[in-house]
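Here is a short tour of one model, taken one neighbourhood at a time. Please keep the structure open as you read.

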Amino acid sequence: MVEKRIIEREDFSRMFKIHYDQLPEQFLSGIDRVNTSYHEADKKELAEYILYILKLLNTPEVARSMEENFQAWNKGWDENLQSILQSGIDLEILKAKYFRGSQFFRYDNKLIIPENNDIEYDLFVLSRYIIFSKYLCEYENIYEFGCGSCQNLLMLSDMFPSKRLYGLDWVEPSVKIAQKLSETLDRNIEGFIFDMLNPSPDIVLKPNSAVTTIHSLEQLGEKHDKLLSFIIAAKPDIVVNYEPILEFYDEDNLLDYLALLYSSKRNYLSGYMTALRELEKQNKIEILQAYRPFLGGIIHEASLIIWRPL
Ligand SMILES: C[S@@+](CC[C@H](N)C(=O)[O-])C[C@H]1O[C@@H](n2cnc3c(N)ncnc32)[C@H](O)[C@@H]1O
């Protein structure tokens, strides 16, 4: 008999180290609408998952050069931009096309089989409400590096209408979506072209600023040194990274080992936490919090690092 479970409000409070009473209203109203029922994968389901990952790792498209990466993002966000131009803007239309749904999900250091195939995306939305309210509510100016479809900016502008929001990305459609959000919905949002591999000194952060990255540093592989120097010089009051952090995986855990293989094949972010720890030793930054909530991804998971330049 398969034991059915649900991911509840208390689980989010544990995962994101936030008191139950402080969970934001957007999260509370959202979680009631999401089916979070699941069962833990049995041996057969785990074997299917492993086979799925191994086959994926063996497809040539998994590895992408930076140029291919740029083209893929340009094309992907342009599709979202065209949909906006045709149908108007809401959170759903800004959903990235790479959320395709899956029978698998990683949660609480386990492989689970959710009833809801869109659980990855649904819980990603809910988690971001918590992250934004917990870590970004104090700051007047919020800069998102690698803002993509601007979904985070739309959510932030719903939560904090008076804050000034800045979406930065290396591809033009992202900047155009930010402009559209500002013009059409009258939000305090501006978009700028910005390459995290070669940050332009023309981008100057305002006082009382937060910088956030959400699954965008993951794209940089090992090449995060210039961005870190830029951020340290720009001196935001806080930096909030929600990114897959390899240092938090356990090489002796099967699921984590698969995530490590996938990250390496995809050339995802590596060495970032190690670089931050080194900068902390040199008294250049202070790491305020760094932890893994143990919430998927199908293949990998994002962790949180909250830090500030000194
Ligand atoms: C997985 S998407 C995440 C988008 C958005 N942060 C979100 O949470 O929906 C990664 C984003 O990083 C951007 N990106 C990748 N490399 C970049 C670079 N070198 N400079 C700026 N943006 C970059 C991509 O264009 C894309 O928008």
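## A buried arginine

R292 has a relative accessibility of 10%, so this residue counts as buried, the cut-off being under 20%. Please bear in mind that the model is predicted. Along the chain, R292 sits in the loop that links β10 (285–291) with β11 (303–309).

What does the side chain of R292 reach at 3.0 Å? The partner there is the backbone oxygen of F248. The R292 side chain also makes a polar contact, at 2.9 Å, with the side chain of E301. If you set aside neighbours within four places in sequence, the residues in contact with R292 are R106, N109, F248, Y249, D256, E301 and S303. F248 and E301 thus appear in that list as well as in the contacts of the side chain, F248 through its backbone oxygen and E301 through its side chain.

## A parallel strand pair

Next, have a look at strands β6 (residues 164–169) and β7 (residues 189–193), which run parallel and are joined by five bridges. Between them the chain passes through helix α7 (residues 172–185), giving a right-handed β-α-β crossover. Within the pair, L168 of β6 stands opposite F192 in β7.

## Helix α8 and its surroundings

Helix α8 covers residues 225–234, and its buried residues include L227, L228, F230, I231 and I232. What do the buried residues of α8 pack against? Their partners are the strands β5 (141–145), β8 (209–214), β9 (238–243), β10 and β11, along with helix α10 (272–281).

After α8 comes K235, with a positive phi near 50°.

Technical notes:
Residues numbered from 1 in each chain as written. Predicted model: local features only at pLDDT ≥ 70, side-chain atom pairs only at ≥ 80, totals over all residues. Heavy atoms only, no water. Helix = DSSP H or I, 4+ residues; strand = E, 2+ residues; numbered from the N terminus. Buried < 20%, exposed > 50% of the residue type's maximum accessible area, 1.4 Å probe, protein only. Polar contact = N/O pair within 3.5 Å; in protein donor to acceptor, adjacent residues only side chain to side chain. Contact = heavy atoms within 4.5 Å. Pairing = 2+ DSSP bridges. Right-handed = clockwise from strand over helix to strand, strands pointing away.
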